[in-house]
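Reader: I'm more at home at the bench than with models. Could you show me how to read a strand and a DNA-facing surface?

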Number of protein chains: 2
Amino acid sequence: MARELQVTPKDTRPLTLRDVSEASGVSEMTVSRVLRNRGDVSAATREKVLRAAKTLGYVPNKIAGALASQRVNLVAVIIPSMSNLVFPEVMTGINRVLEQTELQPVVGLTDYLPEKEEKVLFEMLSWRPSGVIIAGLEHSDASRAMLRTAGIPVVEIMDTDGTPIDTMVGISHRRAGREMGRAILAAGHRRIGFLGTGLGLDHRARKRFEGFTEALAKGGVEVADQEFYSGGSALAKGREMTMAMMARSPDLDFLYYSNDLIGAGGLLWMIEQGYDIPDKVGMAGFNGVRLLQGLPRKLATIDSCREEIGRRAAQIVADRLTGDTKDGPKVELTPTIAFGDTLKQP
Amino acid sequence: MARELQVTPKDTRPLTLRDVSEASGVSEMTVSRVLRNRGDVSAATREKVLRAAKTLGYVPNKIAGALASQRVNLVAVIIPSMSNLVFPEVMTGINRVLEQTELQPVVGLTDYLPEKEEKVLFEMLSWRPSGVIIAGLEHSDASRAMLRTAGIPVVEIMDTDGTPIDTMVGISHRRAGREMGRAILAAGHRRIGFLGTGLGLDHRARKRFEGFTEALAKGGVEVADQEFYSGGSALAKGREMTMAMMARSPDLDFLYYSNDLIGAGGLLWMIEQGYDIPDKVGMAGFNGVRLLQGLPRKLATIDSCREEIGRRAAQIVADRLTGDTKDGPKVELTPTIAFGDTLKQP
DNA sequence: ATGAAAGCGCTAACAG
DNA sequence: CTGTTAGCGCTTTCAT
């Protein structure tokens with residue numbers, strides 16, 4: 001049987017600038033200039049180079065470029081999770097701004113674990129990014145040290161209740177909790193249940209809860225019952241927790257959830273059960289997620305300004321790299337309560 | 001006024017191996033060996049180096065390391081979007097596997113746009129990743145060329161209706177659509193409405209729809225009405241579209257949604273309206289998202305095996321890099337229908 | 001067990 | 001407008 005025509009033994013070595021240089025008969029340096037639109041190059045050579053690069057299928061090696069130029073157009077974005085619904089929206093905001101620049105976001109996930117944050121941060125910094133956007137103000141000493149000595153802009157996001165390493169953009173969760181507490185009292189509720197995530201590692205949820213109880217305390221009210229969860233489908237958990245709590249404490253007249261998703265699950269169950277909302281029992285969540293728009297009734301909530309936080313943070317990094325220093329070290333956004341159909345407006 | 005004590009003029013230059021070398025009195029080469037746990041180094045020097053590195057706060061420069069070693073432990077993951085709920089779960093699967101290796105995922109988003117996919121792919125390949133995991137089988141010629149010549153493992157995910165460049169892992173969306181079509185006919189429905197995303201750029205939604213209509217055609221049935229959307233809160237859109245469709249075609253006895261989220265929105269509305277489900281009107285979605293667990297009734301759906309797809313894809317890349325070639329070029333997972341409470345079981 | 005020399009592929013800086 | 005010369009910070013390879 002005749003041997004098939006030998007396919008060119010694909011020399012898998014990636015192409016280099018030199019290959020383009022040889023193919024086009026132009027020096028490596030000029031090729032480099034063309035490919036980066038830098039300096040003046042005659043239209044003729046420019047054409048030659050571009051054609052050679054395209055026909056060869058040349059893909060530049062950013063590793064080498066970054067090492068030589070000492071510049072890396074990457075912004076490290078360090079967030080707890082992608083399945084939180086909150087962070088994809090922050091990313092959207094970041095992208096919207098970075099898209100207009102040379103910068104590219106690179107995401108690292110921490111799963112809300114400080115040790116993992118430290119590890120991820122170390123990994124990311126070893127790529128020498130041009131800036132860091134990191135969720136939260138609470139970090140290990142080692143993490144803080146790395147961020148301080150990295151010599152690049154650092155923006156801590158989501159939260160402004162604390163002191164930033166460099167810059168922070170977010171909302172005051174303590175204040176958000178306080179405002180919701182006040183609004184609930186103003187609506188006349190006194191027997192209030194809290195349903196939320198375990199407050200261990202989620203500092204922002206904890207701060208909201210602290211602000212909340214503080215506001216209630218000023219009105220002489222204490223949280224009457226509480227229920228915590230972790231893991232699982234938030235909607236289903238909200239349903240279960242609500243069921244459990246109403247069975248245990250049937251006299252509650254308000255349910256405050258630490259996030260909209262469990263709140264939505266609870267709301268669906270309460271509607272099914274025929275509770276008179278918000279007259280007999282009021283309800284509220286936190287975040288202002290769009291999902292709420294699709295529910296039979298709108299859950300009261302406070303917008304957490306996720307996309308704007310992303311945009312502002314990215315803008316700060318971008319500005320800093322071009323030398324601008326518009327914003328101060330603290331950018332606090334002010335979210336407003338959406339009363340929806342589950343909390344009486346004063 | 002006396003001048004404050006001059007703070008050490010922070011020499012912002014990042015530390016290099018050389019700094020650690022000088023601080024520890026050990027050659028750069030040996031420092032490098034210690035930091036990578038490579039080769040034999042005496043426990044004593046090892047200690048010295050480690051201590052010096054830690055106290056200085058040295059963070060290695062992966063840019064330089066990658067250039068020198070010609071190895072980059074990055075896997076490019078290219079997906080359409082993070083707000084689709086499907087892709088974060090794929091990422092979870094990918095992470096779960098890569099976590100056990102030296103490899104790190106880096107995500108690029110395409111927004112379902114081929115031109116953007118091409119751009120993102122080019123960007124990512126210029127970092128010389130060790131492998132690529134990319135959603136879908138449809139790519140521009142240029143993208144396909146880049147992937148082919150990159151000389152690294154390429155895994156196309158989600159879909160198996162087509163020919164892979166290298167390897168593919170997913171489900172047959174055409175078959176999923178067909179099976180749902182058959183199940184609906186088997187349950188006795190004949191007046192069927194379809195509600196979905198515009199079928200333009202989402203090839204997998206299109207394939208499902210094609211399989212679906214094909215199955216119906218075999219039973220002599222055609223889609224009686226259809227409604228498309230794009231953008232906005234999927235839950236709210238599902239509600240609106242369902243409302244519109246039932247107003248226009250009140251005689252429908254089944255609503256088939258191209259994804260679970262709009263299906264959930266529709267289901268909530270149908271329940272509110274008091275429709276007799278599934279006896280008078282049946283409903284089904286697609287994806288098997290966990291969110292459905294929290295609804296008053298469970299929507300019928302087909303699981304899209306997202307996390308497993310991620311796991312298998314990552315495993316293939318990891319295996320390839322260590323020389324293994326366990327799987328063939330096609331890994332097709334077989335999802336099963338979940339009838340839930342909205343589709344009668346045969 | 002440790003060190004010296006030679007690049008990895010590209011770009012800054014300077015010549016022409 | 002184009003080319004030449006040195007590195008960027010690390011790892012490979014080869015001595016010792």
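Author: Happy to; we will look at one strand and then at the protein surface by the DNA. Keep in mind that this is a predicted model.

Reader: Which way do the side chains of strand S8 of chain B point?

Author: In a regular strand, side chains alternate between the two faces of the sheet. In S8(B), residues 254-257, B:Phe254 and B:Tyr256 point one way, while B:Leu255 and B:Tyr257 point the other way. All of them are buried.

Reader: Which strands pair with S8(B)?

Author: Strand S6 of chain B (residues 192-197) runs parallel to S8(B) and is joined to it by four bridges; here B:Leu195 stands opposite B:Tyr257. Strand S9 of chain B (residues 282-284) is also parallel to S8(B), over three bridges, with B:Met283 opposite B:Leu255. From S8(B) the chain passes through helix H11 (residues 260-273) to S9(B), in a right-handed β-α-β crossover.

Reader: Now the DNA: how many residues surround strand C?

Author: There are 24, and A:Leu17, A:Ser32, A:Tyr58, A:Arg71 and B:Asp40 are the closest. By class, this surface has ten nonpolar, ten polar and four charged residues. Helix H4(A) gives the largest share, four residues.

Reader: Which part of DNA strand C lies within 4 Å of the protein?

Author: Of its atoms within that distance, 66% belong to sugar or phosphate and the rest to bases. For individual contacts, look at the phosphate oxygens: a side-chain N or O atom of A:Ser32 is 2.4 Å from one. Polar side-chain atoms of B:Ser27 and B:Thr30 lie 2.7 Å and 2.9 Å from a phosphate oxygen, respectively.

Definitions and conventions: Residues numbered from 1 in each chain as written. Chains lettered and ligands numbered in written order. Predicted model: local features only at pLDDT ≥ 70, side-chain atom pairs only at ≥ 80, totals over all residues. Heavy atoms only, no water. Buried < 20%, exposed > 50% of the residue type's maximum accessible area, 1.4 Å probe, protein only. Helix = DSSP H or I, 4+ residues; strand = E, 2+ residues; numbered from the N terminus. Pairing = 2+ DSSP bridges. Right-handed = clockwise from strand over helix to strand, strands pointing away. Near = heavy atom within 4 Å. Polar contact = N/O pair within 3.5 Å; in protein donor to acceptor, adjacent residues only side chain to side chain. Nonpolar A, V, L, I, M, F, W, Y, C, P; charged D, E, K, R; others polar.
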